[in-house]
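Have a look at the model below and get a feel for it. Then let's walk through what surrounds the ligand and what sits inside the protein.

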Amino acid sequence: MSRTLGIIGAGAVGQTVARLAIAGGWNVVLSNSRGPRSLTDLVTELGPKARAATVAEAAIAGDLVVAAVPLIAHAQLPKRELAGKIVIDTMNYTVERDGHLPELDSNELTSSGMTQRHLADSRVVKAFNNITTDHLAALPRPKDVADRNALPIAGDDTEAKKEAGALLSDLGFDAVDVGDLGQSWRFGPNTALYALVYAGEEMPEGLYGPEVLQWFLGTPGGPVPAGQVARLAAEAVRGRADVFFDD
Ligand SMILES: NC(=O)c1ccc[n+]([C@@H]2O[C@H](COP(=O)([O-])OP(=O)(O)OC[C@H]3O[C@@H](n4cnc5c(N)ncnc54)[C@H](OP(=O)(O)O)[C@@H]3O)[C@@H](O)[C@H]2O)c1
(Lines give C-alpha, C1' and ligand atoms only; values in the text may rest on other atoms or scores of the structure.)
Protein backbone atom coordinates (compact mmCIF):
# COMPACT_ATOMS: atom_id res chain seq x y z
CA MET A 1 0.00 0.00 0.00
CA SER A 2 1.20 3.52 -0.80
CA ARG A 3 2.56 5.55 2.06
CA THR A 4 1.51 9.13 2.63
CA LEU A 5 3.75 12.17 2.79
CA GLY A 6 2.34 15.11 4.70
CA ILE A 7 3.63 18.41 3.34
CA ILE A 8 3.48 21.65 5.30
CA GLY A 9 4.24 24.53 2.95
CA ALA A 10 3.15 24.20 -0.66
CA GLY A 11 5.51 26.66 -2.32
CA ALA A 12 8.49 25.87 -4.53
CA VAL A 13 9.92 23.12 -2.29
CA GLY A 14 6.62 21.61 -1.14
CA GLN A 15 5.36 21.33 -4.71
CA THR A 16 8.60 19.89 -6.08
CA VAL A 17 8.80 17.30 -3.33
CA ALA A 18 5.13 16.47 -3.91
CA ARG A 19 5.71 15.80 -7.61
CA LEU A 20 8.72 13.58 -6.92
CA ALA A 21 6.86 11.72 -4.17
CA ILE A 22 3.89 11.00 -6.42
CA ALA A 23 6.27 9.79 -9.14
CA GLY A 24 7.84 7.56 -6.48
CA GLY A 25 4.52 5.97 -5.54
CA TRP A 26 3.57 8.05 -2.48
CA ASN A 27 0.30 9.80 -1.72
CA VAL A 28 0.71 13.43 -0.70
CA VAL A 29 -1.34 15.71 1.54
CA LEU A 30 -0.42 19.35 0.97
CA SER A 31 -1.08 22.30 3.24
CA ASN A 32 -0.18 25.97 3.50
CA SER A 33 -0.98 29.00 5.61
CA ARG A 34 -4.07 30.03 3.59
CA GLY A 35 -6.00 26.78 3.82
CA PRO A 36 -6.89 23.89 1.49
CA ARG A 37 -9.15 25.87 -0.82
CA SER A 38 -6.16 27.86 -2.03
CA LEU A 39 -4.59 24.56 -3.17
CA THR A 40 -7.50 23.30 -5.30
CA ASP A 41 -5.86 23.94 -8.67
CA LEU A 42 -2.56 22.46 -7.54
CA VAL A 43 -4.01 19.17 -6.28
CA THR A 44 -6.20 18.87 -9.38
CA GLU A 45 -3.07 19.19 -11.48
CA LEU A 46 -1.18 16.69 -9.32
CA GLY A 47 -3.92 14.08 -9.72
CA PRO A 48 -5.56 11.42 -7.57
CA LYS A 49 -2.57 10.77 -5.32
CA ALA A 50 -2.70 14.35 -4.01
CA ARG A 51 -5.11 16.12 -1.73
CA ALA A 52 -5.17 19.42 0.11
CA ALA A 53 -5.76 19.76 3.83
CA THR A 54 -5.16 22.01 6.80
CA VAL A 55 -1.71 22.02 8.35
CA ALA A 56 -2.92 19.90 11.28
CA GLU A 57 -4.57 17.38 8.95
CA ALA A 58 -1.44 17.11 6.78
CA ALA A 59 0.62 16.49 9.92
CA ILE A 60 -1.72 13.75 11.10
CA ALA A 61 -2.05 12.12 7.67
CA GLY A 62 1.67 11.86 6.97
CA ASP A 63 3.66 8.69 7.62
CA LEU A 64 6.48 11.20 7.27
CA VAL A 65 5.95 14.96 7.16
CA VAL A 66 7.94 17.52 5.18
CA ALA A 67 8.26 21.03 6.63
CA ALA A 68 8.79 23.43 3.72
CA VAL A 69 7.94 26.81 5.23
CA PRO A 70 10.10 29.87 5.88
CA LEU A 71 12.28 29.13 8.92
CA ILE A 72 10.62 31.85 10.97
CA ALA A 73 7.35 29.89 10.63
CA HIS A 74 8.87 26.78 12.25
CA ALA A 75 7.38 27.99 15.54
CA GLN A 76 3.89 27.47 14.08
CA LEU A 77 4.51 23.84 13.10
CA PRO A 78 1.90 21.92 15.11
CA LYS A 79 3.68 20.17 17.98
CA ARG A 80 0.78 17.99 19.06
CA GLU A 81 -0.10 16.64 15.61
CA LEU A 82 3.58 16.08 14.78
CA ALA A 83 4.38 14.27 18.03
CA GLY A 84 5.95 10.88 17.30
CA LYS A 85 6.42 11.73 13.62
CA ILE A 86 9.52 12.02 11.48
CA VAL A 87 9.68 15.60 10.22
CA ILE A 88 11.86 16.31 7.20
CA ASP A 89 13.20 19.83 7.65
CA THR A 90 13.95 21.60 4.34
CA MET A 91 14.32 25.04 5.89
CA ASN A 92 17.22 27.47 5.61
CA TYR A 93 17.93 30.54 7.69
CA THR A 94 17.59 33.64 5.50
CA VAL A 95 18.04 36.91 7.35
CA GLU A 96 16.18 38.93 4.69
CA ARG A 97 13.08 36.79 5.26
CA ASP A 98 13.45 35.48 8.82
CA GLY A 99 15.12 38.47 10.51
CA HIS A 100 18.19 37.99 12.72
CA LEU A 101 17.98 35.01 15.09
CA PRO A 102 20.80 35.46 17.64
CA GLU A 103 21.24 31.76 18.46
CA LEU A 104 21.82 31.08 14.78
CA ASP A 105 24.01 34.14 14.19
CA SER A 106 26.29 32.99 17.02
CA ASN A 107 26.37 29.38 15.68
CA GLU A 108 25.12 28.27 19.11
CA LEU A 109 22.38 26.29 17.36
CA THR A 110 21.72 25.06 13.84
CA SER A 111 18.39 25.99 12.29
CA SER A 112 17.36 22.33 12.41
CA GLY A 113 18.38 22.17 16.07
CA MET A 114 16.00 25.07 16.63
CA THR A 115 13.23 23.21 14.81
CA GLN A 116 13.91 20.06 16.84
CA ARG A 117 13.72 22.12 20.03
CA HIS A 118 10.27 23.33 19.00
CA LEU A 119 9.17 19.83 17.92
CA ALA A 120 10.55 18.15 21.03
CA ASP A 121 8.37 15.04 20.59
CA SER A 122 9.14 14.59 16.88
CA ARG A 123 12.23 13.26 15.15
CA VAL A 124 13.63 15.93 12.84
CA VAL A 125 15.78 15.01 9.85
CA LYS A 126 17.29 17.77 7.72
CA ALA A 127 17.11 17.12 3.95
CA PHE A 128 16.42 18.83 0.61
CA ASN A 129 17.64 22.21 1.94
CA ASN A 130 20.88 22.35 -0.06
CA ILE A 131 19.52 22.05 -3.58
CA THR A 132 17.38 24.41 -5.64
CA THR A 133 13.99 23.18 -6.70
CA ASP A 134 15.00 23.25 -10.39
CA HIS A 135 17.89 20.91 -9.72
CA LEU A 136 15.83 18.79 -7.34
CA ALA A 137 13.32 18.30 -10.13
CA ALA A 138 16.03 17.61 -12.73
CA LEU A 139 18.28 15.15 -10.90
CA PRO A 140 16.28 12.12 -9.70
CA ARG A 141 17.57 8.81 -11.05
CA PRO A 142 16.25 5.24 -10.73
CA LYS A 143 17.51 3.11 -7.85
CA ASP A 144 19.77 0.87 -9.92
CA VAL A 145 21.77 3.44 -11.94
CA ALA A 146 25.45 3.83 -11.20
CA ASP A 147 25.57 7.63 -11.38
CA ARG A 148 22.73 8.35 -8.98
CA ASN A 149 22.81 11.75 -7.32
CA ALA A 150 23.04 12.08 -3.58
CA LEU A 151 21.73 14.48 -0.99
CA PRO A 152 23.06 14.91 2.54
CA ILE A 153 20.83 14.31 5.56
CA ALA A 154 21.33 14.91 9.28
CA GLY A 155 19.35 13.98 12.35
CA ASP A 156 19.63 12.87 15.97
CA ASP A 157 17.70 9.61 15.52
CA THR A 158 19.24 6.75 13.52
CA GLU A 159 15.96 5.02 12.69
CA ALA A 160 14.43 8.30 11.52
CA LYS A 161 17.41 8.86 9.22
CA LYS A 162 16.94 5.35 7.81
CA GLU A 163 13.32 6.15 6.99
CA ALA A 164 14.24 9.54 5.55
CA GLY A 165 16.87 7.82 3.40
CA ALA A 166 14.24 5.40 2.09
CA LEU A 167 11.99 8.37 1.23
CA LEU A 168 14.84 10.08 -0.63
CA SER A 169 15.49 6.85 -2.50
CA ASP A 170 11.84 6.64 -3.58
CA LEU A 171 12.18 10.23 -4.80
CA GLY A 172 15.28 9.38 -6.85
CA PHE A 173 18.28 10.18 -4.66
CA ASP A 174 20.84 8.43 -2.50
CA ALA A 175 21.15 9.83 1.02
CA VAL A 176 24.45 10.51 2.79
CA ASP A 177 24.24 10.65 6.59
CA VAL A 178 26.36 13.58 7.71
CA GLY A 179 25.69 13.23 11.45
CA ASP A 180 23.38 14.67 14.06
CA LEU A 181 21.48 17.96 13.77
CA GLY A 182 24.44 19.78 15.31
CA GLN A 183 26.37 18.82 12.15
CA SER A 184 23.67 19.94 9.72
CA TRP A 185 25.50 23.23 9.08
CA ARG A 186 27.87 21.10 6.95
CA PHE A 187 25.37 21.38 4.11
CA GLY A 188 23.79 24.70 4.99
CA PRO A 189 24.09 27.94 3.04
CA ASN A 190 27.64 29.17 2.85
CA THR A 191 29.14 25.69 2.40
CA ALA A 192 30.53 23.83 -0.60
CA LEU A 193 27.56 21.44 -0.51
CA TYR A 194 25.06 24.23 -0.93
CA ALA A 195 23.33 24.63 -4.30
CA LEU A 196 26.26 25.42 -6.63
CA VAL A 197 27.64 21.91 -6.40
CA TYR A 198 24.55 20.60 -8.24
CA ALA A 199 24.98 23.04 -11.17
CA GLY A 200 26.53 20.40 -13.42
CA GLU A 201 28.87 22.96 -14.97
CA GLU A 202 31.97 24.81 -13.84
CA MET A 203 31.22 28.46 -13.21
CA PRO A 204 32.83 30.53 -15.98
CA GLU A 205 35.66 32.74 -14.75
CA GLY A 206 35.10 36.43 -14.21
CA LEU A 207 31.46 36.37 -13.07
CA TYR A 208 30.48 38.59 -10.15
CA GLY A 209 27.37 39.24 -8.04
CA PRO A 210 24.15 39.04 -10.09
CA GLU A 211 26.03 37.43 -13.01
CA VAL A 212 26.72 34.40 -10.85
CA LEU A 213 23.02 34.01 -10.07
CA GLN A 214 22.06 34.49 -13.70
CA TRP A 215 24.54 31.80 -14.81
CA PHE A 216 23.47 29.46 -11.98
CA LEU A 217 19.76 29.71 -12.74
CA GLY A 218 20.44 28.57 -16.30
CA THR A 219 22.48 25.51 -15.35
CA PRO A 220 21.03 22.08 -16.15
CA GLY A 221 22.03 20.34 -12.92
CA GLY A 222 24.62 17.60 -12.90
CA PRO A 223 25.93 14.55 -11.16
CA VAL A 224 26.85 14.68 -7.49
CA PRO A 225 27.45 11.12 -6.29
CA ALA A 226 27.46 9.97 -2.67
CA GLY A 227 31.26 9.96 -2.36
CA GLN A 228 31.45 13.62 -3.32
CA VAL A 229 28.74 14.56 -0.82
CA ALA A 230 30.53 12.67 1.95
CA ARG A 231 33.88 14.29 1.12
CA LEU A 232 32.52 17.83 0.94
CA ALA A 233 30.62 17.35 4.20
CA ALA A 234 33.75 16.08 5.95
CA GLU A 235 35.84 18.98 4.62
CA ALA A 236 33.26 21.68 5.40
CA VAL A 237 34.35 24.73 7.37
CA ARG A 238 31.72 26.51 9.42
CA GLY A 239 31.13 30.09 8.37
CA ARG A 240 28.63 32.75 9.36
CA ALA A 241 25.06 31.45 9.44
CA ASP A 242 23.63 34.85 8.46
CA VAL A 243 25.55 34.93 5.18
CA PHE A 244 24.50 32.78 2.22
CA PHE A 245 27.68 32.83 0.18
CA ASP A 246 30.93 34.11 1.68
CA ASP A 247 33.49 35.59 -0.72
N1 LIG B 1 13.21 27.57 -3.12
C2 LIG B 1 14.26 26.76 -3.05
O3 LIG B 1 14.89 26.46 -4.08
C4 LIG B 1 14.67 26.15 -1.73
C5 LIG B 1 15.57 25.09 -1.76
C6 LIG B 1 15.91 24.47 -0.57
C7 LIG B 1 15.36 24.87 0.64
N8 LIG B 1 14.51 25.92 0.67
C9 LIG B 1 13.90 26.27 1.97
O10 LIG B 1 12.66 25.58 2.04
C11 LIG B 1 11.68 26.39 2.71
C12 LIG B 1 10.52 26.65 1.76
O13 LIG B 1 11.01 27.38 0.65
P14 LIG B 1 10.11 27.68 -0.63
O15 LIG B 1 11.02 28.29 -1.64
O16 LIG B 1 9.29 26.51 -0.96
O17 LIG B 1 9.17 28.85 -0.03
P18 LIG B 1 7.87 29.46 -0.69
O19 LIG B 1 7.81 29.14 -2.15
O20 LIG B 1 7.82 30.87 -0.26
O21 LIG B 1 6.68 28.66 0.02
C22 LIG B 1 6.48 28.74 1.39
C23 LIG B 1 5.24 27.95 1.74
O24 LIG B 1 5.12 27.93 3.16
C25 LIG B 1 3.76 28.24 3.49
N26 LIG B 1 3.72 28.81 4.82
C27 LIG B 1 4.25 29.96 5.29
N28 LIG B 1 4.01 30.10 6.59
C29 LIG B 1 3.28 29.03 6.96
C30 LIG B 1 2.72 28.60 8.18
N31 LIG B 1 2.86 29.31 9.31
N32 LIG B 1 2.01 27.44 8.19
C33 LIG B 1 1.86 26.72 7.05
N34 LIG B 1 2.39 27.06 5.88
C35 LIG B 1 3.09 28.20 5.84
C36 LIG B 1 3.31 29.20 2.42
O37 LIG B 1 1.90 29.20 2.40
P38 LIG B 1 1.09 30.47 1.89
O39 LIG B 1 1.52 30.70 0.47
O40 LIG B 1 -0.34 30.06 2.03
O41 LIG B 1 1.48 31.60 2.81
C42 LIG B 1 3.93 28.54 1.18
O43 LIG B 1 3.11 27.51 0.74
C44 LIG B 1 12.39 27.66 3.14
O45 LIG B 1 12.77 27.53 4.50
C46 LIG B 1 13.61 27.73 2.22
O47 LIG B 1 14.70 28.37 2.86
C48 LIG B 1 14.12 26.57 -0.50
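Does Phe216 count as buried or exposed? Phe216 counts as buried because its relative accessibility is 8%, where buried means under 20% relative accessible area and exposed over 50%, with partly exposed in between (1.4 Å probe, protein chains only).

A quick word on the ground rules. This is a predicted model, so local features need pLDDT of at least 70 and side-chain atom pairs count only at pLDDT 80 or more, while totals for chains, interfaces and linings use all residues. Residues are numbered from 1 along each chain as its sequence is written, and side-chain values use heavy atoms, leaving out hydrogens and water.

Now for the ligand. It is surrounded by 25 residues, including Ala10, Ser33 and Arg34, which are among the closest; to be near, a residue needs a heavy atom within 4 Å. Here are some polar contacts, meaning pairs of N or O atoms within 3.5 Å:

| Residue | Protein atom | Ligand atom | Distance |
|---|---|---|---|
| Val69 | backbone N or O | oxygen | 2.8 Å |
| Gln76 | side-chain N or O | nitrogen | 3.1 Å |
| Thr133 | backbone N or O | oxygen | 3.3 Å |

On to the inside of the protein. The largest nonpolar core (buried Ala, Val, Leu, Ile, Met, Phe, Trp, Tyr and Cys residues joined through side-chain atoms within 4.5 Å) has 47 residues, and Leu5, Val28, Leu30, Ile88 and Phe128 have the most contacts inside it. Apart from that core lies another one of 19 residues, among them Ile8, Val69, Val95 and Leu104.

Back to Phe216: what does Trp215 look like beside it? Trp215 is also counted as buried, at 14% relative accessibility.

Key: A polar contact is a pair of N or O atoms within 3.5 Å; within protein, one must be able to donate a hydrogen and the other to accept it, and residues adjacent in sequence count only if both atoms are side-chain atoms.
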